[in-house]
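Trainee: Hi! Could you walk me through this one? I'm new here, so plain words please.

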Amino acid sequence: MLEYISILLKENWKLRLARENDIPALEKLITLSVRGLQASHYSVAQMDVALGSVFGVDRRLIRDGTYFVVELDGELIGCGGWSKRKTLFGSDHHTTRDDAELDPITDAARIRAFFVHPDHARRGIGRAILEACEKAICDAGFTAIELAATLTGVPFYAAFGYVLGEESDVPLAKGLSLQIVRMTKELPKAQKEDKRVNWKAAVRVRSRRK
(Lines give C-alpha, C1' and ligand atoms only; values in the text may rest on other atoms or scores of the structure.)
Protein backbone atom coordinates (compact mmCIF):
# COMPACT_ATOMS: atom_id res chain seq x y z
CA MET A 1 0.00 0.00 0.00
CA LEU A 2 2.76 2.48 0.90
CA GLU A 3 4.36 1.96 -2.50
CA TYR A 4 1.22 3.08 -4.29
CA ILE A 5 0.57 5.97 -1.94
CA SER A 6 4.07 7.14 -2.93
CA ILE A 7 3.12 6.86 -6.61
CA LEU A 8 -0.02 8.90 -5.96
CA LEU A 9 1.98 11.62 -4.25
CA LYS A 10 4.61 11.67 -7.00
CA GLU A 11 1.95 12.04 -9.68
CA ASN A 12 0.08 14.69 -7.64
CA TRP A 13 -2.92 12.37 -7.37
CA LYS A 14 -5.03 12.48 -4.24
CA LEU A 15 -6.74 9.34 -2.95
CA ARG A 16 -9.66 10.13 -0.64
CA LEU A 17 -13.15 9.03 0.34
CA ALA A 18 -15.93 10.18 -1.96
CA ARG A 19 -18.44 12.79 -0.81
CA GLU A 20 -22.02 13.32 -1.96
CA ASN A 21 -21.05 16.57 -3.69
CA ASP A 22 -18.78 14.44 -5.94
CA ILE A 23 -21.80 12.74 -7.51
CA PRO A 24 -22.08 14.94 -10.67
CA ALA A 25 -18.34 14.45 -11.33
CA LEU A 26 -18.66 10.72 -10.65
CA GLU A 27 -21.51 10.41 -13.15
CA LYS A 28 -19.38 12.15 -15.78
CA LEU A 29 -16.34 9.97 -14.97
CA ILE A 30 -18.34 6.72 -15.11
CA THR A 31 -19.76 7.58 -18.53
CA LEU A 32 -16.32 8.44 -19.92
CA SER A 33 -14.82 5.28 -18.45
CA VAL A 34 -17.51 2.95 -19.75
CA ARG A 35 -17.54 4.37 -23.26
CA GLY A 36 -13.76 4.62 -23.45
CA LEU A 37 -12.73 1.31 -21.89
CA GLN A 38 -15.65 -1.12 -22.23
CA ALA A 39 -16.21 -0.83 -25.99
CA SER A 40 -13.95 -3.81 -26.76
CA HIS A 41 -16.38 -6.16 -24.98
CA TYR A 42 -19.81 -4.52 -25.13
CA SER A 43 -21.82 -2.89 -27.90
CA VAL A 44 -22.84 0.76 -27.93
CA ALA A 45 -26.44 -0.33 -27.33
CA GLN A 46 -25.41 -2.38 -24.27
CA MET A 47 -23.40 0.50 -22.82
CA ASP A 48 -26.22 2.97 -23.49
CA VAL A 49 -28.79 1.02 -21.49
CA ALA A 50 -26.37 -0.18 -18.80
CA LEU A 51 -25.31 3.38 -17.91
CA GLY A 52 -27.40 4.57 -14.99
CA SER A 53 -28.41 1.07 -13.90
CA VAL A 54 -25.57 -1.47 -13.91
CA PHE A 55 -22.98 1.29 -14.37
CA GLY A 56 -23.65 4.25 -12.12
CA VAL A 57 -23.34 5.91 -8.73
CA ASP A 58 -24.40 4.00 -5.62
CA ARG A 59 -24.98 6.63 -2.93
CA ARG A 60 -25.08 3.97 -0.24
CA LEU A 61 -21.34 3.34 -0.73
CA ILE A 62 -20.61 7.03 -0.29
CA ARG A 63 -22.79 7.27 2.83
CA ASP A 64 -21.13 4.18 4.30
CA GLY A 65 -17.69 5.75 3.83
CA THR A 66 -16.50 2.86 1.67
CA TYR A 67 -16.09 4.56 -1.72
CA PHE A 68 -12.82 6.13 -2.86
CA VAL A 69 -11.92 8.62 -5.56
CA VAL A 70 -8.61 9.64 -7.08
CA GLU A 71 -8.37 13.35 -7.85
CA LEU A 72 -5.89 15.23 -10.04
CA ASP A 73 -5.92 19.03 -10.15
CA GLY A 74 -9.53 19.07 -8.99
CA GLU A 75 -10.71 16.48 -11.54
CA LEU A 76 -11.84 12.96 -10.62
CA ILE A 77 -9.86 10.43 -12.65
CA GLY A 78 -10.71 7.20 -10.84
CA CYS A 79 -13.20 5.72 -8.39
CA GLY A 80 -14.00 2.43 -6.72
CA GLY A 81 -15.02 1.00 -3.41
CA TRP A 82 -16.10 -1.87 -1.24
CA SER A 83 -19.29 -2.74 0.56
CA LYS A 84 -20.47 -4.43 3.75
CA ARG A 85 -23.91 -4.94 2.19
CA LYS A 86 -25.39 -7.76 0.11
CA THR A 87 -25.80 -5.81 -3.14
CA LEU A 88 -23.12 -7.10 -5.51
CA PHE A 89 -23.27 -4.48 -8.28
CA GLY A 90 -25.32 -1.69 -9.79
CA SER A 91 -26.28 1.93 -9.21
CA ASP A 92 -29.00 3.48 -7.05
CA HIS A 93 -31.43 2.69 -9.84
CA HIS A 94 -30.61 -0.99 -10.36
CA THR A 95 -33.57 -3.20 -9.56
CA THR A 96 -31.81 -6.06 -7.73
CA ARG A 97 -30.60 -4.35 -4.55
CA ASP A 98 -30.33 -5.67 -1.02
CA ASP A 99 -28.87 -3.25 1.53
CA ALA A 100 -28.87 -5.78 4.38
CA GLU A 101 -25.50 -5.87 6.14
CA LEU A 102 -23.13 -8.80 5.65
CA ASP A 103 -21.68 -10.84 8.53
CA PRO A 104 -17.86 -10.50 8.44
CA ILE A 105 -17.47 -13.98 9.95
CA THR A 106 -19.53 -15.85 7.35
CA ASP A 107 -19.96 -13.53 4.35
CA ALA A 108 -17.62 -12.07 1.76
CA ALA A 109 -17.25 -8.30 1.49
CA ARG A 110 -17.96 -6.78 -1.92
CA ILE A 111 -15.65 -4.89 -4.26
CA ARG A 112 -17.81 -2.40 -6.12
CA ALA A 113 -17.97 0.05 -9.00
CA PHE A 114 -14.40 0.62 -10.22
CA PHE A 115 -14.00 3.16 -13.03
CA VAL A 116 -10.92 4.94 -14.38
CA HIS A 117 -10.74 7.84 -16.81
CA PRO A 118 -9.54 6.50 -20.20
CA ASP A 119 -6.78 9.13 -20.35
CA HIS A 120 -5.34 7.81 -17.07
CA ALA A 121 -5.80 4.06 -17.54
CA ARG A 122 -2.99 1.60 -16.70
CA ARG A 123 -1.13 4.04 -14.46
CA GLY A 124 -1.74 2.36 -11.11
CA ILE A 125 -4.97 4.19 -10.19
CA GLY A 126 -7.11 1.05 -10.05
CA ARG A 127 -4.45 -0.79 -8.10
CA ALA A 128 -4.15 2.00 -5.52
CA ILE A 129 -7.91 2.04 -4.97
CA LEU A 130 -8.11 -1.76 -4.80
CA GLU A 131 -5.37 -1.94 -2.18
CA ALA A 132 -7.10 0.77 -0.11
CA CYS A 133 -10.32 -1.25 -0.32
CA GLU A 134 -8.66 -4.52 0.67
CA LYS A 135 -7.02 -2.89 3.69
CA ALA A 136 -10.37 -1.46 4.81
CA ILE A 137 -12.04 -4.84 4.27
CA CYS A 138 -9.43 -6.54 6.44
CA ASP A 139 -9.80 -3.87 9.12
CA ALA A 140 -13.57 -4.49 9.12
CA GLY A 141 -12.97 -8.17 9.99
CA PHE A 142 -13.96 -9.82 6.70
CA THR A 143 -12.14 -12.98 5.63
CA ALA A 144 -13.11 -13.11 1.95
CA ILE A 145 -14.05 -10.83 -0.94
CA GLU A 146 -16.50 -11.22 -3.83
CA LEU A 147 -17.17 -9.06 -6.87
CA ALA A 148 -18.96 -8.97 -10.20
CA ALA A 149 -16.45 -8.10 -12.92
CA THR A 150 -17.16 -6.82 -16.38
CA LEU A 151 -15.41 -8.74 -19.14
CA THR A 152 -13.01 -5.81 -19.41
CA GLY A 153 -12.21 -5.96 -15.69
CA VAL A 154 -11.54 -9.71 -15.42
CA PRO A 155 -7.78 -9.55 -16.26
CA PHE A 156 -7.27 -6.68 -13.79
CA TYR A 157 -8.80 -8.54 -10.87
CA ALA A 158 -7.16 -11.83 -11.83
CA ALA A 159 -3.77 -10.11 -11.61
CA PHE A 160 -4.47 -9.45 -7.92
CA GLY A 161 -5.45 -12.96 -6.97
CA TYR A 162 -9.19 -12.96 -7.67
CA VAL A 163 -10.46 -16.33 -8.89
CA LEU A 164 -12.89 -16.74 -11.78
CA GLY A 165 -16.34 -18.02 -10.89
CA GLU A 166 -19.75 -18.16 -12.51
CA GLU A 167 -20.51 -16.17 -15.65
CA SER A 168 -23.99 -14.69 -15.94
CA ASP A 169 -26.03 -12.28 -18.05
CA VAL A 170 -27.57 -9.27 -16.34
CA PRO A 171 -30.91 -8.35 -17.96
CA LEU A 172 -31.03 -4.83 -19.39
CA ALA A 173 -33.75 -2.72 -20.97
CA LYS A 174 -34.73 -3.19 -24.63
CA GLY A 175 -34.23 -6.96 -24.39
CA LEU A 176 -30.46 -6.67 -24.03
CA SER A 177 -28.15 -8.20 -21.43
CA LEU A 178 -24.66 -7.63 -20.06
CA GLN A 179 -22.26 -10.49 -19.34
CA ILE A 180 -20.47 -10.35 -15.99
CA VAL A 181 -18.19 -12.75 -14.13
CA ARG A 182 -18.26 -13.43 -10.39
CA MET A 183 -14.79 -13.47 -8.87
CA THR A 184 -13.65 -14.23 -5.33
CA LYS A 185 -10.58 -13.85 -3.16
CA GLU A 186 -9.73 -15.49 0.15
CA LEU A 187 -7.52 -13.63 2.57
CA PRO A 188 -4.23 -15.33 3.52
CA LYS A 189 -4.80 -17.93 6.24
CA ALA A 190 -2.69 -16.28 8.94
CA GLN A 191 -4.31 -12.92 8.30
CA LYS A 192 -7.74 -14.55 8.26
CA GLU A 193 -7.31 -16.23 11.64
CA ASP A 194 -5.99 -13.00 13.17
CA LYS A 195 -8.98 -11.05 11.87
CA ARG A 196 -11.41 -13.64 13.21
CA VAL A 197 -9.88 -13.37 16.68
CA ASN A 198 -9.87 -9.57 16.59
CA TRP A 199 -13.46 -9.39 15.35
CA LYS A 200 -14.72 -11.79 18.03
CA ALA A 201 -12.84 -9.86 20.71
CA ALA A 202 -14.42 -6.61 19.51
CA VAL A 203 -17.88 -8.20 19.67
CA ARG A 204 -17.23 -9.37 23.25
CA VAL A 205 -16.07 -5.88 24.26
CA ARG A 206 -19.20 -4.28 22.76
CA SER A 207 -21.38 -6.85 24.54
CA ARG A 208 -19.82 -6.05 27.91
CA ARG A 209 -20.41 -2.34 27.40
CA LYS A 210 -24.13 -2.77 26.85
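Mentor: Happy to! Let's begin with helix α5: its 15 residues, at 1.5 Å a residue, should span 21 Å, and its end C-alpha atoms are indeed 21 Å apart, so the two agree. The expected span is 1.5 Å times one less than the number of residues. Helices (H or I, at least four residues) and strands (E, at least two) are DSSP runs, numbered from the N terminus.

Trainee: What kind of model is this, anyway?

Mentor: It is a predicted model, where local features need pLDDT of at least 70 and side-chain atom pairs count only at pLDDT 80 or more, while totals for chains, interfaces and linings use all residues. Residues are numbered from 1 along each chain as its sequence is written, and side-chain values use heavy atoms, with hydrogens and water left out.

Trainee: Back to α5, how many of its residues are buried?

Mentor: Eleven of the 15, so α5 is largely enclosed by the rest of the structure. Buried means under 20% relative accessible area, exposed means over 50%, and partly exposed is in between (1.4 Å probe, protein chains only). Among the buried ones are I125, L130, C133 and I137.

Trainee: What comes right after α5?

Mentor: G141 follows α5, and its phi is positive, near 90°.

Trainee: And what does α5 pack on? Start with the sheet, please.

Mentor: The sheet is open and has seven strands, in the order β1-β2-β3-β4-β5-β7-β6, with mixed pairing. Two strands pair if DSSP finds at least two bridges between them. β1 (13–17) and β6 (163–171) are the edge strands, each pairing on one side only. From one strand to the next, the twist averages 25°.

Trainee: How do strands of a sheet pair, in general?

Mentor: They pair through backbone hydrogen bonds, either parallel or antiparallel.

Trainee: So in which sense do β3 and β4 pair?

Mentor: Strand β3 (residues 75–83) and strand β4 (residues 109–116) are antiparallel, over five bridges. Helix α5 (residues 125–139) touches β1, β2, β3, β4, β5 (144–150) and β7 (177–186), and its direction makes about 160° with that of β4. Axes are lines fitted to C-alpha atoms, for helices over the stretch in contact, and angles run from 0 to 180 degrees between N-to-C directions. Contact means heavy atoms within 4.5 Å.

Trainee: Which strands does α2 lie across?

Mentor: Helix α2 (residues 23–37) lies across β2 (67–72), β3 and β4, at about 90° to β3.

Trainee: New topic: how many aromatic pairs are there?

Mentor: Six. Rings of Phe, Tyr and Trp (its six-membered ring) pair if their centres lie within 6.5 Å; planes under 30 degrees apart count as stacked, over 60 as edge-to-face and the rest as tilted. F156 and Y157 have ring centres 5.0 Å apart and planes at 70°, so that pair is edge-to-face. Y157 and Y162 are edge-to-face too, because their planes are at 75°, with centres 5.8 Å apart.

Trainee: Is Y157 buried or exposed?

Mentor: Y157 is buried, at 8% relative accessibility, and Y162 is buried at 4%. F156 is partly exposed at 26%. Ring pairs link F114, F156, Y157, F160 and Y162 into a cluster.

Trainee: How many disulfides?

Mentor: Zero, where a disulfide is a pair of cysteine sulfur atoms within 2.5 Å. C79 is buried at 1%, as is C133 at 0%.

Trainee: Last one: where does S177 lie?

Mentor: S177 is in strand β7 and is partly exposed at 31%. Its C-alpha atom is separated by 9.8 Å from that of Y42, 135 residues apart along the chain.
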